[in-house]
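Grab a pencil and work through these exercises with the structure open beside you. Each one sets a task and then walks through the solution.

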Amino acid sequence: MTRTRVIILGAAGRDFHNFNVYYRQRPQYEVVAFTASQIPQIEGRRYPPELSGPHHPKGIPIEPESRLEELVRSHAVDEVVFAYSDVSHEHVMHLASRALAAGAGFRLLGPRDTMLQSDRPVLSIGAVRTGAGKSPLTGYVAGLLKDLEVRVAVVRHPMPYGDLRRQVVQRFASLEDLDAHQTTIEEREEYEPHIRRGQTVFAGVDYELVLAAAEQDGDVIVWEGGNNDLPFFSPDLHVVVCDPLRAGHEVRYHPGEANVRTADVIVINKVSSASPTEVETVRRNVRELNPRAQVVESDLVIAVDDPQALRGRRALVIEDGPTVTHGEMGYGAGTVAAREHGAQIVDPRPFAVGTIRATYDAYPHLADVVPAMGYGEQQVRELEETIHRSDADVVVIGTPADLRRVLTRLDKPVVRVTYELADRADQLRQIVTAWWDRVGNRFRASTGPDRR
């Protein structure tokens with residue numbers, strides 16, 4: 001049999017999932033390579049034979065995306081498959097043009113090919129862009145269900161940046177689990193807030209196995225997407241958050257626009273921080289894309305653990321890495337808090353070293369923040385050295401994770417900034433409660449007596 005030769009363009013997440021659920025069991029395809037983008041230091045690895053299955057017995061190499069044309073030609077590739085998120089429509093089509101010019105076709109796999117079915121109700125949380133407020137929204141929704149005495153299992157979009165064979169299924173129920181799994185800073189930013197709320201989080205590489213594990217823990221699955229990706233599980237209720245501080249992005253970014261078009265509920269977040277014109281732009285766009293969705297509003301409420309430590313001080317601000325890099329925000333909650341409490345924000349760029357310096361070169365819009373990059377031990381140490389070299393009086397940590405657990409060599413006082421979602425007029429509470437009344441009754445009827 002002649003096999004269709006495929007390259008999957010990815011960033012260590014959606015690419016692996018698409019392979020697992022679509023290509024792995026189809027002998028008519030040969031995936032000759034994954035390519036890697038967005039995340040530093042994830043190329044040069046191999047998708048291991050233990051995960052790639054009998055049709056790919058030697059595993060699959062992970063190459064830099066910059067080698068796309070060379071790989072297409074050297075492997076006589078028939079099809080290039082795009083499989084990552086939080087990029088402009090123009091970015092996707094530039095890659096399509098590169099594939100076509102090299103002689104290959106170009107493909108996007110759809111939800112029917114990639115969404116898994118659960119025997120539990122699934123409530124999915126997606127976004128238009130990374131940094132829109134998806135994680136605080138997920139925490140709020142999971143808390144609402146917990147108040148209804150529902151057992152919740154949160155499943156997070158993958159971030160398998162380490163040894164893939166050890167990350168097939170991961171369960172995080174305590175802060176010690178984060179240490180045991182040797183999680184990166186990005187993983188801690190996503191998992192730690194849930195753990196602190198008493199919620200168990202599942203993640204991994206093989207989401208059929210991840211889903212099976214989560215179904216043992218929860219009566220309902222709350223899916224939290226990564227970036228602005230589509231859900232891996234077929235949802236019974238799909239909630240999508242928009243960011244009016246980036247008004248217009250809901251129609252210009254992939255697959256955020258698809259998320260808006262498929263949403264049951266659209267949350268316009270950060271309303272108090274945006275102008276009325278920005279909020280109205282988002283409202284008009286989402287109404288045109290998806291007139292059937294319910295549209296509600298919310299805010300992010302910022303809390304500072306020691307505001308007096310900021311007044312009149314020189315502050316080095318550390319923000320969530322994905323939000324301020326490929327999310328293109330340039331600032332976050334730490335910056336807002338530092339300004340509100342009278343700090344003078346230090347330009348970190350003169351002090352940056354190693355891969356932190358390279359991050360500023362790659363994302364020239366960054367100026368007054370340090371992106372919380374920490375995808376390996378070397379990068380964590382370079383982040384610490386950047387902080388150490390700065391002439392700041394105080395360090396502001398505006399990420400969802402308490403980085404003091406990772407940055408153990410800090411020699412400056414730290415102020416933590418956290419944020420929670422505020423549900424305007426309790427609209428989300430009413431929607432989630434009504435949804436569970438409908439879906440929960442069907443679930444209880446199908447499963448019999450209370451399993452707890």
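**Exercise 1. Find the residues that line the largest cavity, then sort them by class.**

Start with the walls: the lining of the largest cavity is made of Gln38, Ile39, Gly321, Pro322, Thr325, His326, Tyr363, Met373 and Tyr375. Bear in mind that this is a predicted model.

Next, sort them. The lining splits into 5 nonpolar and 4 polar residues, with no charged ones.

Now for the volume: the largest cavity comes to about 40 Å³. Looking for others? The structure holds just 1 cavity of 30 Å³ or more.

**Exercise 2. Describe the lining of the second largest pocket.**

Begin with the space itself, which is about 490 Å³ for the second largest pocket.

Then look at who surrounds it. There are 24 lining residues, and those nearest the centre of the pocket are Asp179, His181, Gln182, Thr183 and Thr184. Helix H7 (175-180), helix H8 (185-196) and helix H15 (377-389) each supply two or more residues to this lining.

Last step, the classes: count 10 polar, 8 charged and 6 nonpolar residues around the second largest pocket.

**Exercise 3. Work out where strand E1 sits in its sheet, and whether it is enclosed.**

First, lay out the sheet. It's an open one of 6 strands, running E3-E4-E2-E1-E5-E7, with mixed pairing. Strand E3 (46-47) and strand E7 (105-107) are the edges, each pairing on one side only.

Second, zoom in on one pair. E1 and strand E2 (residues 29-36) run parallel, linked over 7 bridges. To check the register, find Arg5, whose bridge partner in E2 is Glu30. Val6, in turn, stands opposite Val31 in E2.

Third, check burial, using under 20% relative accessible area as the cut-off. In strand E1 (residues 4-10), 5 of the 7 residues are buried, so the strand is largely enclosed by the rest of the structure.

**Exercise 4. Decide whether helix H1 is enclosed too.**

Count first: 9 of the 10 residues of helix H1 (residues 14-23) are buried, so this helix is largely enclosed by the rest of the structure.

Now name them. The buried residues in H1 are Arg14, Asp15, Phe16, His17, Asn18, Phe19, Asn20, Tyr22 and Tyr23. Hang on to Tyr23 for the next exercise.

**Exercise 5. Map the nonpolar cores.**

Go to the largest core, which has 132 residues; Tyr23, Leu145 and Phe233 touch the most other members. Which helix gives the largest share of this core? That's helix H16 (residues 427-447), with 7 residues.

Pick Leu145 and list its contacts, skipping residues up to four places away in sequence: Val150, Val152, Val220, Val222, Val432, Trp435 and Trp436.

Then look for a second, separate core. This one has 15 residues, including Val128, Ala274, Val279 and Val295.

**Exercise 6. Is Cys242 buried or exposed, and what does it touch?**

Locate it first: Cys242 belongs to strand E13 (residues 237-242).

Apply the under 20% cut-off. Cys242 has a relative accessible area of 0%, so it counts as buried.

List the contacts beyond four places in sequence. Cys242 meets Val128, Ala132, Val260, Ile266, Val267, Ile268, Asn269, Val282 and Val286.

Finish with a distance to Thr184, one of the residues from Exercise 2. C-alpha to C-alpha, Cys242 and Thr184 are 26 Å apart in space, and 58 residues apart in sequence.

Technical notes:
Residues numbered from 1 in each chain as written. Predicted model: local features only at pLDDT ≥ 70, side-chain atom pairs only at ≥ 80, totals over all residues. Heavy atoms only, no water. Core = buried A, V, L, I, M, F, W, Y, C linked by side-chain atoms within 4.5 Å. Buried < 20%, exposed > 50% of the residue type's maximum accessible area, 1.4 Å probe, protein only. Helix = DSSP H or I, 4+ residues; strand = E, 2+ residues; numbered from the N terminus. Contact = heavy atoms within 4.5 Å. 1 Å grid on protein atoms, 1.4 Å probe; cavity = no way out; pocket = protein on both sides within 12 Å on 5 of 7 lines; lining within 4 Å. Points joined across faces, edges and corners; volume = space filled by probe spheres on them. Nonpolar A, V, L, I, M, F, W, Y, C, P; charged D, E, K, R; others polar. Pairing = 2+ DSSP bridges.
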